[in-house]
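Here is an informal walk through some charged pairs and buried spots. Have the structure open while you read.

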Amino acid sequence: MSMKKYIIILLAAVLAVSCNDKKFLEERTYEDDTQSFFKNQGSIEIALASAYSEVQYMVFGNQRGGSEHNWMLFGLGLDTISTTGGNTQFSNWTLMKDDSGYARHYGEYMYKLSNRANIVVDMIDEHPEIEYTSESMKTTLRAEAVFLRAWAFRVITGMFGQVVYSDHMTQEARYDYVMNTREEAWEKIAADFEYAEQNLPSTPRLMGTVTKAAAAHYLAETYLCLGKFKEAEDAASRVINKTDGNYEIMTTRFGNRADQAEDRYGNSLAAPQGAYWDLFRSSGKTKVGDFADDSNPNDPGNREAIWVAQIDYEAGVDSWPLGGSGDSWWRMHKPVLESTFAPWVPMGGKNGQRKGSDGKNYYVFTADAVCYPVGVAPAGAGDPPATVDGEDLEGRKLAYNLSTRIDSLACRAQGDGAATSLGLLPSEWVVRPAGDILGSYWDDPNDFRGSEIMIQRDYYTPSGKKWSEVKKEVQARVDAGLYEITAGDTINITPRFWKFSDDRHIFDAGNAYYDTDWYMIRIAETYLLRAEARLAQGNKAGAAEDINVLRNRAGAKPCAADQVNIDYILDERVRELFGEEQRWITLSRLSCNPNATYVSDCYPTQNNTTSNTFYERTRKYGVGYENEDRGRDAYTDAMGNTRHRPNVMPYNYILPIPIQIIQSNKDVKIDQNYGY
């Protein structure tokens with residue numbers, strides 16, 4: 001078929017989705033070969049690809065423009081990460097209203113996803129003339145659509161509580177009826193995940209498509225929401241025991257850098273800890289079988305990945321109906337997963353040099369680059385000039401090209417054309433090392449996941465010294481009156497998370513730099529779901545056993561049964577799944593839920609006016625913005641410093657129903673959530 005005809009087909013599929021017209025496929029006429037295409041499963045696969053693309057967009061898309069939207073699902077403003085400013089809707093929660101663009105974004109896109117999934121279900125159910133390669137393929141495609149519908153409503157329920165629902169195609173967010181309680185929605189979601197688990201294959205149809213294990217994983221989570229704790233344990237066990245596929249915790253090295261014995265700083269990458277490091281490595285775009293292998297999340301040897309969101313659909317070039325080309329790759333024009341948590345360091349210019357009152361030139365902080373230590377050259381580094389503006393600065397190790405800056409700083413830089421993107425601020429509880437007097441999520445200094453190997457807490461200046469050492473030297477010179485620090489010297493140094501970053505970049509790949517596909521589900525989370533289900537049944541020993549599967553790999557001390565409560569599990573989720581877990585869903589389902597009886601040891605009060613899990617965790621562990629109290633509660637920390645708690649409210653555990661959704665459902669009354 002000609003490219004022109006392929007374009008006609010693609011446009012037809014897009015229009016069928018956009019117009020929400022069930023009769024579209026029946027009423028349009030095309031050339032014979034185009035009509036025959038709509039009578040085979042290719043049309044279904046295209047429609048499914050459109051639904052998967054919505055998932056991709058919610059994971060990757062909005063980072064491109066420096067937007068915070070997509071990080072909402074992963075816990076923006078909660079107990080792990082927040083914005084770098086103190087007056088956004090995720091740091092000043094009083095600004096969160098029913099006309100919030102953030103809430104509307106998730107509402108609209110999740111309903112769009114559910115509608116696209118329903119289109120596939122309706123096409124399969126209402127068009128018997130469509131030909132499939134086999135009856136089992138027809139069942140698989142339908143099950144994928146049902147799964148994606150359930151996932152969309154899972155997110156809607158977790159973020160908004162109330163659900164306007166339909167299991168057939170409809171007009172955008174105008175749905176058949178309102179589920180006024182989360183329990184009603186969870187029952188429907190559970191039924192869809194049950195169907196999906198029964199009818200999906202054990203291995204993905206294509207790279208990035210869902211399987212039995214993915215459905216069982218979310219089914220375990222949904223059963224927890226409903227208080228069906230034994231069923232939740234059983235669902236998680238079907239994944240862990242390999243009933244639903246060959247998935248397991250990786251304890252041996254794998255992937256494109258499995259033979260690397262040390263990281264670039266000389267730290268050992270011996271298994272099993274090195275296997276965790278392997279989980280997040282990118283690659284040089286090699287081809288494996290029918291798939292283009294973008295990164296270790298897709299490596300054939302990675303049995304920990306249950307569902308991975310694909311950055312682009314060049315994967316499976318020979319398998320997609322239109323040859324594998326999709327529209328998702330363009331959304332990632334900068335290495336945004338990497339730069340989101342990287343340090344903000346101005347580079348270039350003269351703001352790093354000061355002439356002291358003694359007539360000497362001094363290097364301050366920010367001249368040109370933050371580099372690796374002496375003897376470790378950033379990849380792609382150019383030869384450093386001997387002098388700068390005629391001044392010889394001893395020990396200066398410059399690297400002017402953008403490639404080096406990306407490699408040194410994970411692309412979080414300003415000036416001289418260096419790429420920039422969204423910056424988020426991990427909470428101090430995430431970045432503080434174990435044993436810090438002010439508190440930390442890390443309870444063991446030997447935990448590989450919280451070590452310098454996975455979280456680089458210090459940087460090296462061009463002189464080769466650690467930034468923290470240089471800062472002390474600079475402060476001493478300022479105190480001595482040699483010069484003053486100006487606004488141009490301000491630096492926001494945050495740790496570099498090697499989970500989100502790499503020390504190898506594809507410098508000849510245009511805007512690719514560092515791009516890795518991202519985990520939607522790792523079996524590590526399945527273990528923590530089963531631990532939660534066991535805790536709920538009073539089986540703390542079994543819960544500790546599941547938690548210790550992860551801690552043993554990380555080299556951390558084992559968890560004892562009497563330590564297990566919901567706080568310990570939530571902390572372990574941070575240690576294992578920071579940046580991956582859909583944290584909003586987790587904290588929301590554990591708040592104001594009468595079925596979640598097992599949270600009472602830590603959070604006995606559960607309502608939308610006084611206290612709940614979401615509220616207390618955010619207030620204790622979230623970012624407080626010390627220089628902007630904005631009505632935030634003050635407290636004194638262990639060092640005697642006045643600090644401020646996040647000003648989140650108990651009712652914020654669910655978002656406001658977007659006013660557009662309320663107004664568009666003119667035939668169905670939707671009450672706004674309390675507090676908004």
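E572 and R575 sit three residues apart in helix α17 (residues 566-577), which is about one turn of the helix. Residues three or four places apart in an α-helix point the same way, because there are 3.6 residues a turn. The two side chains here form a salt bridge, with the closest N and O atoms 2.8 Å apart. Keep in mind that this is a predicted model. Are E572 and R575 buried or exposed? Both are buried. The pair doesn't stand alone, either: salt bridges that share partners link E572 and R575 into one network with E304, D443, D447, R449, K499, R522, R551, R553, E576 and E580.

Zooming out, how many salt bridges does the structure hold? The count is 44. Two of them involve D79, and here they are side by side with the helix α17 pair.

| Salt bridge | N to O distance |
|---|---|
| D79 and R583 | 2.8 Å |
| R617 and D79 | 3.1 Å |
| E572 and R575 | 2.8 Å |

Start with D79 and R583, whose side chains meet in a salt bridge. D79 lies in the loop between α4 (42-60) and β1 (81-83), while R583 belongs to helix α18 (residues 583-589), so this pair ties together parts that are 504 residues apart in sequence. Why does D79 count as buried? Its relative accessibility is 0%, and the cut-off for buried is under 20%. R583 counts as buried too, because its relative accessibility is 2%.

Now for the other D79 partner. The side chain of R617 also meets that of D79 in a salt bridge, at 3.1 Å from N to O. R617 lies in helix α19 (residues 613-621) and D79 in the loop between α4 and β1, so the pair ties together parts that are 538 residues apart in sequence. R617 is buried, just as D79 is.

Next up is helix α15, which covers residues 523-536. From its first C-alpha to its last, this 14-residue helix reaches 20 Å, close to the 20 Å expected at 1.5 Å a residue. How many of the residues in α15 are buried? The answer is 14 of 14, so to speak a mostly covered helix. Just after α15 comes G538, which takes a positive phi of about 85 degrees.

E525 is found in this helix. With a relative accessibility of 7%, E525 counts as buried. What does E525 touch, not counting residues up to four places away in sequence? Its contacts are H217, M520, R573, L577 and E581.

Q456 is another polar residue to click on, and its place is strand β12 (residues 455-456). Q456 is buried, with a relative accessible area of 4%. Its side chain makes a polar contact with the side chain of Y265, at 3.2 Å. Leaving aside neighbours within four places in sequence, Q456 is in contact with Y265 as well as P495, R496 and W498.

Last stop: F280, in the loop between α10 (273-278) and β4 (282-288). F280 is buried, with a relative accessible area of 1%. Along the chain, F280 and P297 are 17 residues apart, and their C-alpha atoms are separated by 6.7 Å.

Key
Residues are numbered from 1 along each chain as its sequence is written. This is a predicted model: local features need pLDDT of at least 70, side-chain atom pairs count only at pLDDT 80 or more; totals for chains, interfaces and linings use all residues. Side-chain values use heavy atoms; hydrogens and water are left out. Helices (H or I, at least four residues) and strands (E, at least two) are DSSP runs, numbered from the N terminus. Buried means under 20% relative accessible area, exposed over 50%, partly exposed in between (1.4 Å probe, protein chains only). A polar contact is a pair of N or O atoms within 3.5 Å; within protein, one must be able to donate a hydrogen and the other to accept it, and residues adjacent in sequence count only if both atoms are side-chain atoms. Contact means heavy atoms within 4.5 Å. A salt bridge is a side-chain nitrogen of Lys or Arg within 4 Å of a carboxyl oxygen of Asp or Glu. The expected span of a helix is 1.5 Å times one less than its number of residues.
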